[in-house]
Amino acid sequence: MKTIEMKKFGKYLAGREAGKHAYDFFIKEIEKMPKDEKIFCNFQDVLLLAPSYCDELFGEIQENLPDKLVIDKNIGNALKKAFDTVAEVRDLEFMYGESE
Amino acid sequence: MNIEYSKIYNILQIKDNILVFDFQNVGFLNTFEIVELFSLAVSSLFSGDKYKIINETKASSHLKRINFFPVFEKMRNIPAYEEASFSTGNSNRLIELHNYEHKEQFYGDYDKIFIMLKNIGLTDETTSLVASSLGEVVDNAFLHNLGMWPLNISGRSILLAQNFPQKKELCFSYCDFGVGFRATLLENYPELKNNFEAIKLAMEENVTSRFPRRGGNGLNYLQKNIFNGFKGELLVRSGEALVNVRSQGDVELVDNNVQVGFGSNIFFSLKY
C-alpha cells in the first residue's frame with residue numbers, strides 16, 4: 001500500500017480548484033501503481049478539510065476507482081465530517097483503515 | 001436575532017452628492033446589521049467621492065474600531081474621510097471588517113482565523129469546523145459569481161467576525177456583492193420566482209448550480225455544523241429576501257422587501 005501524506009498539500013485543504021489539482025496529482029500516482037495496490041491517505045498535521053476539496057479529490061476517486069483509497073481511521077471528527085458530507089451527497093462509502 | 005432594516009435605512013442619506021452616515025438614535029448595530037449597512041453604503045447610487053459621519057454614537061465608534069470606513073473608502077475608491085481619526089485598521093486582528101477581492105486572500109487568513117478561534121478557547125475540532133464552514137461560504141460565493149460580478153467596485157465580498165465574550169457568542173457575517181441565489185440557480189431551476197424560493201431550495205440537500213455535476217455540499221455542511229454542533233443561528237439574505245433558517249432545511253421568511261437589493265449576506269453564530 002502506498003502512503004500519501006496529505007500535509008504535503010497543505011495544512012488547510014479547502015476549495016474546489018485546489019481539490020482538482022490534488023486529484024490530478026493522485027491520478028498520476030495511480031497510473032504509476034500496480035492495479036490492485038491501494039493508497040493510504042495520512043492526515044497527520046492537516047488542520048482543516050473542506051467538503052468542496054474533499055468532493056473534488058476523494059469523492060471523484062472513490063466514485064471512479066472504488067476500493068483504491070484507504071482513509072486514515074484516526075482522522076479527527078472535524079475532518080471526518082467532510083467525508084461524511086461527500087459520502088451522503090454522492091451516496092457512496094469511504095474505506096477507513098490503518099497504514100500497513 | 002432581531003434585524004431592524006428601518007434603522008439601517010435611516011442611517012444613510014445622500015445630501016448634495018455627499019453620502020451621510022447619520023447615527024442619531026442608533027446606539028447599537030449587531031453583526032448582521034453592520035454588514036447590511038456596509039452593503040447598502042457600498043452599493044448606494046451616490047456618484048460623488050465624499051462622505052461624512054454625523055451625530056456620532058457608540059455605534060459609529062464601534063464601526064471605526066472594526067475598520068468599517070477604511071474598507072468602505074477602499075471599495076468605493078474614495079479619499080479618506082477628512083476628519084478621520086481612525087487608523088487604516090490592524091490587519092493582525094480578525095475581529096474587524098475585511099474585504100476579499102479573491103478567495104485566495106481568505107485562504108491566506110486561515111492561520112489568523114485558527115489563532116483567533118483557539119485564543120477564544122474553542123476546541124481544535126470546533127475551530128476546524130468553523131473555519132471550514134466559513135471557507136465553504138466564501139468558495140461558493142466566488143464559484144457562483146465567476147464571470148458575473150455585477151458591480152464595478154474594488155472588492156467582491158466582506159467578512160465581519162465579532163466575539164462577544166460576556167455572551168460567549170461568536171458571530172460571522174459574510175456578504176458577497178454578487179448576483180444572488182436566484183440568478184445563480186435560475187439556469188437549472190427556471191421556475192424560481194424570487195430569492196426567497198431560491199434560498200429555500202438552496203437549503204435542501206444536493207441542490208446546486210453546477211448540474212450536471214454534483215454539488216450542494218457547502219450549505220448542507222454549514223447547516224449541519226450550526227444545528228448539530230455550534231447551537232447557533234443562521235440568517236441568509238439574498239437580494240430582496242431575508243430568511244431565518246430555524247433548523248436544517250426549515251426556512252422562515254423574515255423580510256421580502258430588503259432594499260439592499262443584490263448580493264448575498266450569510267450570517268451564522270455559535271455559542272461556546
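The following conversation concerns salt bridges and the contact between chain A and chain B in a predicted model.

User: What should be known about the model and its numbering?
Analyst: The model is predicted: local features need pLDDT of at least 70, side-chain atom pairs count only at pLDDT 80 or more, and totals for chains, interfaces and linings use all residues. Residues are numbered from 1 along each chain as its sequence is written, chains are lettered from A and ligands numbered from 1 in the order in which they are written, and side-chain values use heavy atoms, with hydrogens and water left out.

User: How many salt bridges does the structure hold over all chains?
Analyst: There are 23 over all chains, a salt bridge being a side-chain nitrogen of Lys or Arg within 4 Å of a carboxyl oxygen of Asp or Glu.

User: Which residue does Arg90(A) pair with?
Analyst: Arg90(A) forms a salt bridge with Asp55(A), with the closest N and O atoms 2.6 Å apart. This pair links distant parts of the chain, 35 residues apart: Arg90(A) is in helix α3 (residues 77-90) and Asp55(A) in helix α2 (residues 51-64), both of chain A. Helices (H or I, at least four residues) and strands (E, at least two) are DSSP runs, numbered from the N terminus.

User: Are those two buried or exposed?
Analyst: Arg90(A) and Asp55(A) are both buried. Buried means under 20% relative accessible area, exposed over 50%, and partly exposed in between (1.4 Å probe, protein chains only).

User: Which residues are linked with them in a network?
Analyst: The salt-bridge network consists of Arg16(A), Asp55(A), Glu56(A), Glu60(A), Glu63(A) and Arg90(A).

User: Turning to the interface, how many residues does each chain give to the contact?
Analyst: Chain B gives 24 residues and chain A gives 26, where contact means heavy atoms within 4.5 Å.

User: How many salt bridges cross it?
Analyst: Three are found between chain B and chain A. Lys103(B) forms a salt bridge with Glu17(A), the closest N and O atoms being 2.7 Å apart.

User: Which element of chain B gives the most to the side that touches chain A?
Analyst: The elements giving two or more residues to that side are α5, α6 (110-120), α7 and α10 (217-230) of chain B. Among these, α7(B) gives the most, with eight residues.

User: Where does Lys103(B) stand within its own chain, and what does it meet there?
Analyst: Within chain B, the side chain of Lys103(B) meets that of Asp139(B) in a salt bridge (2.9 Å, N to O). Asp139(B) lies in helix α7 (residues 124-144) and Lys103(B) in helix α5 (residues 103-107), so the pair ties together parts that are 36 residues apart in sequence. Lys103(B) counts as buried at 5% relative accessibility, and Asp139(B) is buried at 1% relative accessible area.
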